[in-house]
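User: Hi! I would like to learn how to read some features of a protein model, one at a time. Could you walk me through them?

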Amino acid sequence: QVQLRETGGGLVQAGGSLRLSCAASGSFLSIARMDWYRQAPGKQRELVAPITAADSTNYTDSLKGRFTISRDNAKNIMYLQMNSLKPEDTAVYYCNAEIIIGTRVFNYWGQGTQVTVSS
């Protein structure tokens, strides 16, 4: 059974920092793409940043310079370093991964971790 578990969320003041982690566990061959998503109250889930197995990343303009996604392939962990946090970053942050089991690729979601930024 493959599981993704996010940790690192919490309450922080505007301008502060948090680092989220997403750990994959279970039996699988490897992890292809991993992503961070977030969902604010009353809004649709949105992509924060993807990272490929080759560490290729991409950010929306509003997050560039503030958020950094990274991964440790040896430990099957993905990180999201969030700096200069703003109240509008308040959301549940989810980890998503494409995991290779045998010859097939499966998509998994974590349960989410709450990030609350106070003004």
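Analyst: Happy to! Let us start with aromatic rings: rings of Phe, Tyr and Trp count as a pair if their centres lie within 6.5 Å. Keep in mind that this is a predicted model. Here, ring pairs join Tyr37, Tyr94 and Trp109 into a cluster.

User: How many aromatic pairs are found in the whole structure?

Analyst: The search gives two aromatic pairs. For Tyr94 and Trp109, the ring centres are 6.4 Å apart and the planes meet at 85°, so this pair is edge-to-face. It links distant parts of the chain, with Tyr94 in strand β8 (residues 91-101) and Trp109 in strand β9 (residues 104-109), 15 residues apart.

User: Which two quantities describe a pair of aromatic rings?

Analyst: In general, one gives the distance of the centres and the angle of the planes. The angle is what names the geometry here: planes over 60 degrees apart count as edge-to-face, and the 85° of Tyr94 and Trp109 falls in that class.

User: Is Tyr94 buried or exposed?

Analyst: For burial, the idea is to compare relative accessible area with cut-offs: under 20% is buried, over 50% is exposed, and partly exposed lies in between. Tyr94 has 14%, so Tyr94 is buried. Its partner Trp109 has 39% and counts as partly exposed. Over the chain, 40% of the 119 residues count as buried.

User: What would a residue with a very low value look like in its surroundings?

Analyst: Take Ile51, in strand β5 (residues 46-51). Ile51 is buried, with a relative accessible area of 1%. Setting aside neighbours within four places in sequence, its contacts include Ala32, Met34, Ile69 and Met78. The list also has polar or charged names, among them Arg33, Asp35, Ser56 and Arg71. With Ile69, which is 18 residues away along the chain, the C-alpha separation is 7.0 Å.

User: How should I read the fold as a whole?

Analyst: Begin with secondary structure: the chain has 10 strands and zero helices, so to speak a β-only pattern along the sequence, β-β-β-β-β-β-β-β-β-β. Next, ask which contacts hold sequence-distant residues together. Among contacts between residues at least 6 apart in sequence, 55% join residues at least 24 apart.

User: What does the radius of gyration tell me about this chain?

Analyst: The approach is to set the value beside the one for a compact globule with as many residues. For 119 residues that would be near 14 Å, and the chain has 14 Å, which agrees. Along the principal axes, the C-alpha atoms fill a box of roughly 45 × 25 × 25 Å.

User: And the surface and charges?

Analyst: The accessible surface of the chain is about 6400 Å², and carbon and sulfur atoms account for 47% of that area. There are 12 positive and 9 negative charges, and their mean positions are 3 Å apart.

User: Last one: which backbone angles deserve a second look?

Analyst: Most residues other than glycine have a negative phi. Asp55 has a positive phi of about 70° although it is not a glycine. Asp55 sits in the loop between β5 and β6 (67-72) and is partly exposed, at 44% relative accessibility. Ser84 also has a positive phi, near 50°. Ser84 is placed in the loop between β7 (77-82) and β8, and with a relative accessible area of 39% Ser84 is partly exposed.

Note on methods
Residues numbered from 1 in each chain as written. Predicted model: local features only at pLDDT ≥ 70, side-chain atom pairs only at ≥ 80, totals over all residues. Heavy atoms only, no water. Helix = DSSP H or I, 4+ residues; strand = E, 2+ residues; numbered from the N terminus. Rg over C-alpha atoms; globule rule 2.2 N^0.38 Å. Buried < 20%, exposed > 50% of the residue type's maximum accessible area, 1.4 Å probe, protein only. Contact = heavy atoms within 4.5 Å. Areas by Shrake-Rupley, 256 points an atom, 1.4 Å probe, with all protein chains shown as cover. Lys, Arg positive; Asp, Glu negative; His and termini not counted. Charge placed at Lys NZ, Arg CZ, Asp CG, Glu CD. Phe/Tyr/Trp six-rings, centres within 6.5 Å; stacked < 30°, edge-to-face > 60°.
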